[in-house]
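Open the model in your viewer and keep the selection tool at hand. We will go stop by stop.

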Amino acid sequence: MDRYLDPKADLTFKKVFGEHPDLLISFLNAMLPLEEGESVVEVEYLPTELVPENPLKKNSIVDVRCKDQNGRHFIVEMQMIWTDEFKQRVLFNASKAYVKQLDSSENYKLLQPVYSINLVNEIFEATMPHTFYHHYKLVHSESSDKVIDGLQLIFIELPKFFPKTISEKKMRVLWLRFLTEIDEKTRRVSPELTEDQHISKALTLVKESAFDDAQLLGYEKFWDVVRTERTLIEAAELKGLKQGMEKGMEKGMEQGMKQGMKQGMKQGMEQGLAEGRAEGRAEANVDTARNLKSLGVAVETISQATGLSVGEINKL
């Protein structure tokens, strides 16, 4: 029985798309939002340019770069671990590839579009549960048919891809099924995959038997590194969350104490003022009662006028 390796790994991804132009061309035409007559016909591989990475995710990205017969540049990346800054990193890489097409003496009209296809093995748009294909380009804010050619970014969330629930281009579905259905646990491959010549060839390339012991060891190391990086990132995120909660609680307590002191002072002042007023009224009633008593006014009358009891008045 044939055993397969996961095509998303560094070793297998580059073997399929980095060594076989016909497969890369098929993949690009399936994944890119190209208009009729814009298909990729031939490609020339370009050297992979390493961009400084966050050390927590330096080994989790696999990429292949090329340009076609019209000079258009294509960057294909397999991103195993998602982080918030990944979109900015993709934009930076695509922009750099766009700018580097010319030197200072050449005309801007020679610039050709750069397409960046990013296959992400995690969900990053949870608010869009039914959308796995995300296409970004420079468009007019009021008229989407007015486009500035230059950079186009495509992000594909592989965990959201379910061919039975969507209507997509046939080859796009087949390539995404190849990337999501094939791994070390695969024991039976769907006939729909083996019937297409490009997918069938890719399946042959990722058979375990196509690799020697040293390559298989590197394959296992890749997944170990991915697991380690994911653990480090999760730990860093958990630490950040914990610190954020602690700071939030500390700030909340501080604000609560300040607000409590302010409220307490206000209540104390109000209560003190009320008590002072009451004491003042009581002293005034005593003085009034004493004066009325000295004038010979009946005790009962004084009691009614001041609110003091007969006993209290007799003590004056």
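Start in strand β4 and find the bridge partner of Glu 77: this is Asn 118. Keep in mind that you are looking at a predicted model.

Now widen the selection. Take residues 73-79 for strand β3 and residues 114-120 for strand β4. Seven bridges join these two strands, and they run parallel.

**The sheet**

Next, show every strand of this sheet. There are six, in the order β1-β2-β3-β4-β6-β5. The sheet is open, and its pairing is mixed. Which strands form the edges? Select 43-46 for β1 and 133-139 for β5; each of these pairs on one side only. Look along the sheet and you will see neighbouring strands turned against each other by 20° on average, direction ignored.

**One residue in β3**

Go back to strand β3 and pick His 73. Is His 73 buried or exposed? Its relative accessibility is 16%, under the 20% cut-off, so His 73 counts as buried. Now display what surrounds His 73. Setting aside residues up to four places away in sequence, His 73 touches Leu 46, Cys 66, Lys 67, Gln 101, Pro 113, Val 114 and Tyr 115.

**Helices across the strands**

Select residues 10-17. This is helix α1, which lies across β1, β2, β3 and β4. Add 61-68 to show β2; α1 runs at about 10° to this strand.

Then select residues 86-99 for helix α3. Helix α3 lies across β2, β3, β4, β5 and β6. Add 147-157 to bring up β6, and note that α3 runs at about 140° to β6.

**A covered helix**

Move to residues 21-31, helix α2. How many of its 11 residues are buried? Eight are, so to speak of α2 as mostly covered is fair. Among the buried ones are Leu 23, Leu 24, Ile 25 and Phe 27.

**The cores**

Colour the largest nonpolar core, a set of 55 residues. Leu 28, Ile 156, Trp 175 and Phe 178 have the most contacts inside this core. Helix α2 gives the most to this core, with seven residues.

Zoom in on Phe 178. Leaving aside neighbours within four places in sequence, Phe 178 is in contact with Pro 7, Val 16, Leu 193, Ile 199, Ala 202, Leu 203 and Val 206.

For the last stop, select Ile 75, Trp 82, Val 90 and Phe 124. These residues belong to a second, separate core of 13 residues.

Terms used. Residues are numbered from 1 along each chain as its sequence is written. This is a predicted model: local features need pLDDT of at least 70, side-chain atom pairs count only at pLDDT 80 or more; totals for chains, interfaces and linings use all residues. Side-chain values use heavy atoms; hydrogens and water are left out. Two strands pair if DSSP finds at least two bridges between them. Helices (H or I, at least four residues) and strands (E, at least two) are DSSP runs, numbered from the N terminus. Axes are lines fitted to C-alpha atoms, for helices over the stretch in contact, and angles run from 0 to 180 degrees between N-to-C directions. Contact means heavy atoms within 4.5 Å. Buried means under 20% relative accessible area, exposed over 50%, partly exposed in between (1.4 Å probe, protein chains only). A nonpolar core is a set of buried Ala, Val, Leu, Ile, Met, Phe, Trp, Tyr and Cys residues joined through side-chain atoms within 4.5 Å.
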